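Student: Please take a close look at the aromatic pairs in this model. I should like each pair you discuss set out with its geometry, its place in the chain and its exposure, and then related to the rest of the fold.

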Amino acid sequence: MGQIEDQVKVKEMMKELSSGCANALGKPESYVCVYVETGKNVMFGGDADAPCAVCDVGSIGCIDKKTNGKVSQTIASILRNYAGVENNRFYIHFTDWPAANVGWSGRTFAG
């Protein structure tokens, strides 16, 4: 990912990713977890100099063509604004998580 040296800027980006993804997925933000790791050596398309990123989005349901498009647009805008990552310099991997395989608050989402 593009180097973001300012930790305040990283936290601002994370807040936007959290609220933006929650909105695009139609989920409460209280269920969203954002993890950003900077300062790693990453190469995209044979170019190690231009900013790039790899994103993973997992959700219980809401992983479909229409929603993935909304999430992609949201993430693209935020990555470009905060880290200078162009739209063609990152991948997003979407995973639909079965509710029984996701634990939270001492139980799974399946009950």
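Tutor: The structure, a predicted model, holds four aromatic pairs (rings of Phe, Tyr or the six-membered ring of Trp, centres within 6.5 Å; stacked under 30 degrees between planes, edge-to-face over 60, tilted otherwise). One of them joins Tyr31 and Trp104: the ring centres are 5.3 Å apart and the planes meet at 70°, so this pair is edge-to-face. It connects distant parts of the chain, since Tyr31 belongs to the loop between H1 and E1 while Trp104 belongs to strand E3 (residues 103–104), 73 residues away. Helices (H or I, at least four residues) and strands (E, at least two) are DSSP runs numbered from the N terminus. Tyr31, with 43% relative accessibility, is partly exposed, and Trp104, at 40%, is also classed as partly exposed (buried: under 20% relative accessible area; exposed: over 50%; partly exposed: in between; 1.4 Å probe, protein chains only).

Another pair, Phe44 with Tyr91, is tilted, with 4.9 Å from centre to centre and 45° between the planes. Phe44 sits in the loop between H1 and E1 and Tyr91 in strand E2, so this pair ties together parts separated by 47 residues in sequence. Its two members contrast in exposure: Phe44 is buried at 14% relative accessible area, whereas Tyr91 is exposed at 59%.

Residues are numbered from 1 along each chain as its sequence is written. Local features require pLDDT of at least 70 and side-chain atom pairs 80 or more, totals for chains, interfaces and linings use all residues, and side-chain values use heavy atoms without hydrogens or water.

Tyr31 and Trp104 also belong to a wider arrangement, in which ring pairs link them with Phe109 into a cluster. The Phe109 ring has a further partner: the charged end of Arg107 sits over it, 5.7 Å from the ring centre (NZ of Lys or CZ of Arg within 6 Å of the centre and 35 degrees of the ring normal).

Opposite charges meet elsewhere in two salt bridges (side-chain nitrogen of Lys or Arg within 4 Å of a carboxyl oxygen of Asp or Glu). Glu37 pairs with Lys40, the closest N and O atoms lying 3.3 Å apart; Glu37 is partly exposed at 38% relative accessibility, as is Lys40 at 48%. Glu86 pairs with Arg80 at 3.2 Å between the closest N and O atoms; here Glu86 is partly exposed at 35% and Arg80 likewise at 48%.

These features are set in a fold of two helices and four strands, arranged along the sequence as α-β-α-β-β-β. Its C-alpha trace spans about 45 × 30 × 20 Å along the principal axes, and 31% of the 111 residues count as buried. In the largest nonpolar core (buried Ala, Val, Leu, Ile, Met, Phe, Trp, Tyr and Cys joined through side-chain atoms within 4.5 Å), which has 20 residues, Met13, Val71, Ile75, Leu79 and Phe90 touch the most other members. Helix H1 (7–25), strand E1 (53–59), helix H2 (65–83) and strand E2 (90–96) each give two or more residues to this core, H2 giving the most with seven. Beyond its neighbours within four places in sequence, Ile75 is in contact (heavy atoms within 4.5 Å) with Leu17, Cys21, Cys55, Val57, Phe90 and Ile92.
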